[in-house]
Amino acid sequence: MTFAEHLLQLRKQRGLKQTELAKIIGIGWRAYQTYERGEREPTLSTLIALADFYDLSLDELVCRER
């Protein structure tokens, strides 16, 4: 699973709209939309906000495996 796919899956599991999640983590919804589409990668501060919101480690959030 790609990072973009994982973001989409996590958001849908919570029943949130992109606009709602973007507001919760303090970014614009258009920026968030580009992350779910795989067009851009979020900044470290945004990754941390997402990981905190979903109660995941950064590795889990970005689908990193050793």
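**Getting to know a five-helix chain**

Leucine 58 is found in helix α5, which covers residues 58–61. Keep in mind that this is a predicted model.

Q: Is leucine 58 buried, partly exposed or exposed?
A: Let's start with the cut-offs: buried means under 20% relative accessible area, and exposed means over 50%. Leucine 58 has a relative accessible area of 34%. That value lies between the two cut-offs, so leucine 58 is partly exposed.

Q: Which residues does leucine 58 touch, not counting residues up to four places away in sequence?
A: Contact here means heavy atoms within 4.5 Å. With residues up to four places away set aside, the partners of leucine 58 are Leu44, Leu47, Ile48 and Ala51.

Q: What distance separates the C-alpha atoms of leucine 58 and alanine 22?
A: Along the chain, these two residues are 36 residues apart. In space, the separation between their C-alpha atoms is 18 Å.

Q: How many helices and how many strands are in the protein chain?
A: Try reading along the sequence: the pattern is α-α-α-α-α. The count for the protein chain is five helices and zero strands.

Q: What is the orientation of α2 to α4: roughly parallel, roughly antiparallel, roughly perpendicular or oblique?
A: The axes of α2 (residues 18–25) and α4 (residues 44–54) come within 10 Å and cross at roughly 105 degrees. Angles of 65 to 115 degrees count as roughly perpendicular. Therefore α2 and α4 are roughly perpendicular.

Q: How many nonpolar, polar and charged residues are in the contact of α2 with α4?
A: From α2 come Leu21, Ile24 and Ile25, and they meet Thr46, Ala49, Leu50, Phe53 and Tyr54 in α4. Sorted by class, the contact has seven nonpolar, one polar and no charged residues.

Q: Which helix gives the most to the largest nonpolar core?
A: This core has 14 residues, and Leu7, Leu21, Leu50 and Tyr54 are among those with the most contacts inside it. Helices α1, α2, α3 and α4 each supply at least two of its residues. With four residues, the top contributor is α4.

Q: Which residues are in contact with leucine 7, leaving aside its neighbours within four places in sequence?
A: Leucine 7 is one of the core residues with the most contacts inside the core. Beyond its sequence neighbours, the partners are Tyr32, Tyr35, Glu36, Leu50, Tyr54 and Leu61.

Q: What is the radius of gyration of the protein chain?
A: With 66 residues, a compact globule would have a value near 11 Å. The protein chain agrees with that, because its radius of gyration is 11 Å.

Terms used. Residues numbered from 1 in each chain as written. Predicted model: local features only at pLDDT ≥ 70, side-chain atom pairs only at ≥ 80, totals over all residues. Heavy atoms only, no water. Axes fitted to C-alpha atoms, helices over the stretch in contact; angles between N-to-C directions. Parallel < 35°, antiparallel > 145°, perpendicular 65-115°, else oblique. Nonpolar A, V, L, I, M, F, W, Y, C, P; charged D, E, K, R; others polar. Core = buried A, V, L, I, M, F, W, Y, C linked by side-chain atoms within 4.5 Å. Buried < 20%, exposed > 50% of the residue type's maximum accessible area, 1.4 Å probe, protein only. Rg over C-alpha atoms; globule rule 2.2 N^0.38 Å.
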